[in-house]
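Please read the following walk through the strands, a helix and the aromatic contacts alongside the coordinates. The account moves from one element to the next, and it is best followed with the structure open.

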Amino acid sequence: MTVNMGLIYLASTFNVLAAFTRGAEPSSIETVPDTFVGSGLRVRLPWDQSDPAFPTLGFVVDAAHLTFAEFAANPAVVVNSRNYYIDATGKPAPYTLAAFGTPAQTAGKFAFSIPKVTPPVASSAYLLLVQSWTGGSTQPVPGTLIAGNVTPVDLSSSYPTGSGNFHVLICIGGYAPTVVEISV
Amino acid sequence: MTTLEARPAFYEGEILPAADLTATVDYARNQMARHARYSHTWGIVTGLQLTGTSTATSSGQTYMTVTLSPGIATDGTGREIVVADQVPLDPTQFALTVAPQADKTLQYPVFLTGLDQNAPAASTLTGACGTSLPTSIQEAYNIVFGAPGSDQSLSEQTQPALTDGPDDGSSVTWKILLGYVKWDTSTGLNQFTGVVPLDASTGTYAGVNAATVVSPSGSLLLATHPANATDSNPILAVQIKEASGGGSLVFGKLTSTGTIVPAVTIKSTGDVIATGQLSGAVTPGSVQVQSGIAFDGMTLPLPPGVDPSAVAGGTVTVHVHVSPRIDMPQSPSAFSLPFECFADPSTRVVSCRVQPWDFTTGPPTAGPVTPSHCDYTVIVAVPAS
């Protein structure tokens, strides 16, 4: 009997966000992730428990940004799914690019630059998920296809006034997703 | 002013004009046409099948002769069209009326239309009865060919007015699809090269328009063909039948003797007997299980066949068990301990995180809380009733 694994990943950037297996396959395989994400996939990343923002760290990614596919089960992928992305051949592949550095924020503005040691993989895009430290809904910010070693992001028009602390989950094709904190 | 139907009536000594006699015929025809239009649906009633016979020229080139079998159809105006004899389709007529295209895979629709035409005057009548005027109308028909795709607009044909009788086919022709023919311009033979008969999905067949169907015999049968039909496919039927014990609804194959070989039987008591498998349904009193590995944040999948609406509605009971799966390499400097591992009882969303500890230093230090995966089992219990 072939055991399959299901991977849930971002449709625009191909970052794998969750993996699962199941012993009893349905008669008709699902083609969309709705069955496995409910109202949205909750995404949390490694975070220091002593950080005051720890209790609220968690993004809810709407099914509209996700897609789902089944593959022959690979234990390495199942137990380390956050280290994988869907490559150009449509199969899960481990990240090989060095992680991008801490974004340099423009003081006082919700604007920053994402530095990358190596340009992104071909045809990659980026997706930002923004959440306030105090909790609340996740604000997705789709980006366009990117190239080059620096990606400027300016969300000043979305957060023009007031101050606050935000978690931003940066998802770029070929790079492991990274959470940064932005203070405005 | 209200339009009323009028029925011809006569009186003793009346001198009958031809129009009054014709009106007696028209009254019955119009009534039948309205019955056909509104108590039934138009289409092929019986026969009218296109068949092809492969033929070869003296030089060995093959083509196909296509014939239409006898039959009856009712068009959308309520007109009955009778094709009494087998009719060969005329390839010359096809070539003249349709511009055959180079693509030999195209299917050209073949239509049947009705047409009234005056019958030749009787030549044997003499004296006062001698006349050159017709004394009957032939209910003729035409077989016409159409361009590929012209069969797609048949449902848009204009219905006559409510009280109208059948159309005579002179001004407006109602088309009934008989099938398709093929043509290969490269052969130069000017003959058909293929025929595509109708099937249940492509043909329009006469039917019944009724809100209530009641049987006088205590049994009601619906079948895909008459029992004695020689069809290549098994004939299927549904029968509702009364019985002293309560009766039943039976679905299955219809034999040539008119009996059904039951595949599914529903008794009046509600018992269901099936000779095959019921898939997609969850048996009352059963337990359905799903298990595997799931990552933090996911919604645990349900067992196959369990309807999420049944879970949401509380008609089934869901039992969920998760346990942390620590299968990553462990070392004294990075020893993962479970931080949390549970599934929300109402949403089945998994919360599973671990925290690595470094025991090589004193006192032990904790690393970042990290999302992880767990083993899960979802058991759904379906109530017996």
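The paragraphs below describe a predicted model, beginning with its sheets and ending with its rings.

In chain B, 5 strands come together as an open sheet whose order is β13-β14-β15-β16-β17, with antiparallel pairing. The edges of this sheet are formed by β13 (219-223) and β17 (272-274) of chain B, each of which pairs on one side only. From one strand to the next, the twist averages 20°. Within the sheet, strand β14 (residues 236-241) of chain B and strand β15 (residues 248-254) of chain B are joined in the antiparallel sense over 6 bridges, and a reader who wishes to locate this pairing can start at Ala237(B), whose bridge partner in β15(B) is Gly252(B).

Chain A has an open sheet of its own to consider, in which 4 strands are arranged in the order β11-β10-β13-β14 and the pairing is again antiparallel. Here the edge strands are β11 (139-142) and β14 (178-183) of chain A, each pairing on one side only. Neighbouring strands of this sheet are turned against each other by 25° on average, with direction ignored. Strand β10 (residues 126-132) of chain A pairs with β11(A) in the antiparallel sense over 4 bridges, and Leu128(A) is the residue that stands opposite Val141(A) in β11(A).

Returning to chain B, we come to a helix. Helix α1 (residues 18-38) of chain B contains 21 residues and reaches 30 Å from its first C-alpha to its last, which is close to the 30 Å expected at 1.5 Å a residue. In α1(B), the residues Ala33(B), Arg34(B), Ala36(B) and Arg37(B) are buried, and the buried residues of this helix pack against β1 (40-41) and β5 (71-74) of chain B.

The side chains offer another route through the model, since aromatic pairs number 16 over all chains. In one of them, Phe54(A) and Phe339(B) meet edge-to-face, at 6.1 Å centre to centre and with 90° between the planes. This pair joins two chains, because Phe54(A) lies in the loop between β3 (41-43) and β4 (59-61) of chain A, whereas Phe339(B) belongs to strand β20 (residues 335-343) of chain B. As for their surroundings, Phe54(A) counts as buried because its relative accessibility is 9%, while Phe339(B), with a relative accessible area of 28%, is partly exposed.

A further edge-to-face pair is formed by Phe335(B) and Phe359(B), at 6.0 Å centre to centre and with 75° between the planes. This pair links distant parts of the chain, for Phe335(B) sits in strand β20 of chain B and Phe359(B) in the loop between β21 (350-358) and β22 (365-366) of chain B, 24 residues apart. Phe335(B) has a relative accessibility of 34% and therefore counts as partly exposed, and Phe359(B), at 44% relative accessibility, likewise counts as partly exposed.

Two other ring arrangements in chain B complete the tour. Phe94(B), Tyr108(B), Phe145(B), Trp183(B) and Phe192(B) together form one aromatic cluster. In the other arrangement a charge meets a ring, as the charged end of Lys175(B) sits over the ring of Phe111(B), at 5.0 Å from its centre.

How values were computed: Residues numbered from 1 in each chain as written. Chains lettered and ligands numbered in written order. Predicted model: local features only at pLDDT ≥ 70, side-chain atom pairs only at ≥ 80, totals over all residues. Heavy atoms only, no water. Pairing = 2+ DSSP bridges. Axes fitted to C-alpha atoms, helices over the stretch in contact; angles between N-to-C directions. Expected span 1.5 Å × (residues − 1). Buried < 20%, exposed > 50% of the residue type's maximum accessible area, 1.4 Å probe, protein only. Contact = heavy atoms within 4.5 Å. Phe/Tyr/Trp six-rings, centres within 6.5 Å; stacked < 30°, edge-to-face > 60°. Lys NZ or Arg CZ within 6 Å of the ring centre and 35° of its normal.
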